[in-house]
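Trainee: Could you take me through the charged pairs here, and then the helix that comes after them? I would love one connected account.

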Amino acid sequence: HQAKQLMLKAITVSDELAILLNLKNNEQVFYSQILHFENDEPIQLEQRYVNASLVPDYLLQDFTKITPHEYLSSVAPLTEATHEIEAVLADDEVCQLLNISNSEPCLQVKRRTWSRKGVVSLAILTAPGSKYRLGNHLVF
């Protein structure tokens, strides 16, 4: 596994994100965009919005060495998670990053995670349908 950190910055939340992260409008969140590879082939685009007040050092991390999930689990241990899974056609930018055609279906997982102190993050994980299989084993 390899990862390429495409973006890591602070942004102002939209109305929808404020609701999903249980924040007030115009609060800042951290946003990361990581492209995951296996055998030098892109297999997943991870777009993640992180509650800045719960994880203040998120922007200081190098997500080529540790995944956002691993880091967040160490600083804000998970107590709850929700998953929404759907088949989607990705936009042009995502297709280009994943090196797929616009007609290839993708598997998209939207995952919200909580710690004892509140909603920690919303992750949007998009993978080419032909290169990805979903499986899960959670232990808390």
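Mentor: Happy to! A salt bridge here is a side-chain nitrogen of Lys or Arg within 4 Å of a carboxyl oxygen of Asp or Glu. Keep in mind that this is a predicted model. Side chains of opposite charge can pair when their charged atoms come close. Searching the whole structure with that cut-off turns up two salt bridges.

Let's start with Arg48 and Glu46, whose closest N and O atoms lie 2.8 Å apart, so the pair meets the criterion of within 4 Å. Now look at the setting of each partner. Arg48 has a relative accessible area of 2% and is therefore buried, and Glu46, at 4% relative accessibility, counts as buried too.

The other salt bridge joins the side chains of Asp62 and Lys65, with an N to O distance of 3.8 Å. Here the surroundings read as follows: Asp62 is partly exposed, its relative accessible area being 32%, while Lys65 is exposed at 70% relative accessibility.

From there, move along to helix H2, which spans residues 68-75 and has Pro68, Tyr71 and Leu72 as its buried residues. These cover an arc of only 95° around the axis, which means that they sit on the same side of H2. As for what that side meets, the buried residues of H2 pack against three strands: E2 (28-38), E3 (41-51) and E6 (118-128).

Definitions and conventions: Residues numbered from 1 in each chain as written. Predicted model: local features only at pLDDT ≥ 70, side-chain atom pairs only at ≥ 80, totals over all residues. Heavy atoms only, no water. Buried < 20%, exposed > 50% of the residue type's maximum accessible area, 1.4 Å probe, protein only. Helix = DSSP H or I, 4+ residues; strand = E, 2+ residues; numbered from the N terminus. Arc of directions from axis to C-beta. Contact = heavy atoms within 4.5 Å.
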